[in-house]
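Got the structure open in your viewer? Here is a walk through it, one selection at a time.

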Amino acid sequence: MVLEKLGTSLKNTLSKIAKAMFVDETLINELIKDLQRALLQADVNVKLVFDLSQKIKDRALKEQTPHGLTKKEHLINIVYESLVVFLGGEKNELALSDKKPNKIVLVGLFGSGKTTQAGKLAKYFTKRGRRVALVGLDVYRPAAMEQLAQVGKTANVPVFIKKGEKDPVKIYKEFESEYKNFDVLIIDTAGRDALSADLIAELKQVHDAAKPDESLLIISADIGQAAQAQAKAFHDAGAITGVIVTKMDGTAKGGGALTACSVTGAPVKFIGVGEKIDDLEQFNPKGFVGRLLGMGDLEALLEKAKDAISEEEAKDLQSKLLKGEFNLIDLAQQMEAMSKMGPLAKVMEMIPGMGQIQMPKDALQVQEGKLKKWKHAMNSMTKAELEDPEVIDANRIERIAKGSGIGTGEIRDLLKQYRQSKKLVKMLKGAGSPEKLMKKLGGKAKGLKF
Ligand code: GDP
Ligand code: MG
């Protein structure tokens with residue numbers, strides 16, 4: 001997947017929200033820090049990262065949670081929406097008109113992928129029922145014309161080139177009478193090592209001759225945030241109408257390139273995701289961010305977490321746990337919350353990072369049947385017994401078994417579970433917070449049943 005690393009970090013960040021007990025300023029600050037780290041690693045410009053995180057923080061702290069959303073969902077939604085805006089907002093489609101031909105000029109530096117994208121675009125439009133032709137105006141590099149001819153062959157579209165001709169405008173004019181036979185004309189141009197006056201002059205000539213409908217800047221993602229200076233320079237030099245960020249498949253810096261382009265006001269219209277002719281995707285910020293964040297998985301998780309335990313209940317339980325008070329009623333409440341979430345192992349799998357915490361397998365499963373029996377047994381206990389299960393001796397176990405119709409073995413199991421949970425609660429109290437406990441537990445949770 002494109003930007004896999006960024007996606008993983010962002011998913012980890014959001015999963016922290018999903019599994020947090022409450023949304024408070026501490027959580028929001030932690031979220032912001034994680035988000036900043038993830039974006040900086042994807043080579044997003046520091047100032048942009050700071051602006052974005054400030055916006056998210058402001059919204060998270062100030063906005064009322066909309067009706068029908070939980071605080072967690074609202075927070076995740078804020079992150080999602082902000083990232084979408086950050087990447088250009090609405091999808092910016094390259095719209096073709098009915099005129100013949102629509103002209104698209106591809107500009108950019110050496111090796112950015114102009115010729116390759118020319119072929120990809122040819123295929124893209126051909127697939128959508130348009131008649132496409134390529135025009136080769138790269139008079140700079142000797143092999144350029146031959147390369148475009150090959151690309152045309154692969155895309156199965158005609159190619160207009162003239163080997164040996166040194167004036168791009170002459171080549172363009174030479175075939176001008178043919179162009180009306182096509183819906184889309186894709187014009188490949190020469191690059192340079194850097195944006196030079198020489199290149200600008202050449203592109204201006206080409207623009208004057210062809211009067212293109214779209215002038216797309218081709219930028220390689222591996223330059224990361226340096227894309228901003230490049231996009232700005234091309235933008236300032238003569239209207240570009242959009243950008244194709246190429247080689248998104250081969251770099252972790254693509255986040256920098258994508259966000260850099262959106263600040264220049266030049267929308268990213270496509271991304272190149274490989275060397276092959278089909279490796280072109282229309283760029284849609286919503287879909288892109290959704291995929292990065294793994295919204296599908298996350299939604300399912302939130303859905304489950306929502307059913308499992310209300311924030312009030314969680315607050316209640318946490319304050320009890322932190323005080324070290326923990327009785328059988330709390331145990332039942334806790335187990336019930338977990339059983340509602342479904343097999344906890346599955347839930348944990350959906351949370352990246354959580355899978356690494358090695359809880360014993362059976363600790364992750366609160367068996368429905370067992371839980372029911374324990375509840376019956378608890379119904380036969382006195383209030384004093386529920387609040388302080390340590391008073392339950394063999395005689396009392398007999399009595400409870402008779403009263404509830406639950407076997408004495410089962411009741412002993414319940415008490416065992418209680419003692420183990422209480423141990424965990426003690427550790428929790430020592431650690432200060434559930435997060436710290438998780439860290440402390442790391443792989444050592446074996447033997448503890450929750
Ligand atoms: P030009 O000089 O701008 O015309 O660039 P080319 O089209 O010749 O491409 C330069 C190199 O980048 C070639 O090796 C292409 O195969 C490669 N390339 C182009 N687009 C992509 C892409 O989206 N992903 C990857 N991995 N390579 C690409
Ligand atoms: Mg080329």
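Start in the middle of the sheet: select leucine 216 and, opposite leucine 216, glycine 242 in strand S6. Keep in mind as you click around that this is a predicted model.

Now colour the whole of S5, residues 214-220, and S6, residues 242-246. These two strands run parallel and are paired over five bridges. Another pair to pick out is leucine 217, which sits opposite valine 243 in S6. To see how the chain gets from S5 to S6, follow it through helix H9 (residues 227-237); this β-α-β crossover is right-handed.

On to the other partner. Select S1, residues 102-107, which is joined to S5 by four bridges, again in the parallel sense. Valine 105 has serine 215 of S5 as its bridge partner.

Stay with S5 for a moment and look at its two faces. In a regular strand, side chains alternate between the two faces of the sheet. How many of the residues of S5 are buried? Seven of the seven are, so far as the count goes. On one side you'll find Glu214, Leu216, Ile218 and Ser220, and on the other Ser215, Leu217 and Ile219, with both faces covered.

**The whole sheet**

Zoom out and select the eight strands together. They form an open sheet with mixed pairing, and the order to trace across it is S3-S2-S4-S1-S5-S6-S7-S8. Which strands stand at the edges? They are S3 (159-160) and S8 (280-282); each has a single partner strand, so one side of each has no neighbour in the sheet.

Next, add helix H8, residues 197-210, which packs on the sheet. H8 touches S1, S2 (132-137), S4 (184-189) and S5, and its direction makes about 175° with that of S1.

If you want the wider setting, show the full chain: it has 20 helices and eight strands. Of its 450 residues, 49% count as buried. Take contacts between residues at least 6 apart in sequence, and 74% of them join residues at least 24 apart.

**Two residues in the sheet**

Select lysine 269, in strand S7 (residues 268-272). Is this lysine buried or exposed? Lysine 269 is buried, at a relative accessible area of 5%. Show what surrounds lysine 269: leaving out residues up to four places away in sequence, its contacts include Glu93, Glu214, Leu216, Gly242, Val243 and Glu281. Leu216 and Gly242 are the pair you opened with.

Then go to phenylalanine 160, in edge strand S3. Phenylalanine 160 is buried too, with a relative accessible area of 9%. Beyond its neighbours within four places in sequence, phenylalanine 160 is in contact with Ala133, Leu134, Val135, Gly136, Phe175, Glu178, Tyr179 and Phe182. Try a distance as well: from the C-alpha of phenylalanine 160 to that of isoleucine 187 is 9.4 Å, and the two are 27 residues apart in sequence.

**A helix pair**

Now head for the start of the chain and select helices H1 (residues 4-19) and H2 (residues 25-41). Their axes come within 9 Å and cross at roughly 175°. H1 and H2 are therefore roughly antiparallel to each other. Turn on side chains and look at where they meet: Lys5, Leu6, Ser9, Leu10, Thr13, Leu14, Lys16 and Ile17 from H1 against Leu27, Glu30, Leu31, Asp34, Leu35, Ala38, Leu39 and Gln41 from H2. By type, that contact has nine nonpolar, three polar and four charged residues.

**Backbone oddities**

Last, some stops for the backbone. Most residues other than glycine have a negative phi, and most peptide bonds are trans.

- Select aspartate 43, in the loop between H2 and helix H3 (46-62). Its phi is near 70°, a positive value in a residue other than glycine. Aspartate 43 counts as buried, at 17% relative accessibility.
- Select lysine 247, in the loop between S6 and helix H10 (254-263). Phi is positive here as well, near 60°. Lysine 247 counts as partly exposed, at 35% relative accessibility.
- Select lysine 100 and proline 101, which are joined by a cis peptide bond with omega about -10°. Proline 101 lies in the loop between helix H4 (71-86) and S1.

Key. Residues numbered from 1 in each chain as written. Chains lettered and ligands numbered in written order. Predicted model: local features only at pLDDT ≥ 70, side-chain atom pairs only at ≥ 80, totals over all residues. Heavy atoms only, no water. Axes fitted to C-alpha atoms, helices over the stretch in contact; angles between N-to-C directions. Parallel < 35°, antiparallel > 145°, perpendicular 65-115°, else oblique. Contact = heavy atoms within 4.5 Å. Nonpolar A, V, L, I, M, F, W, Y, C, P; charged D, E, K, R; others polar. Buried < 20%, exposed > 50% of the residue type's maximum accessible area, 1.4 Å probe, protein only. Pairing = 2+ DSSP bridges. Right-handed = clockwise from strand over helix to strand, strands pointing away.
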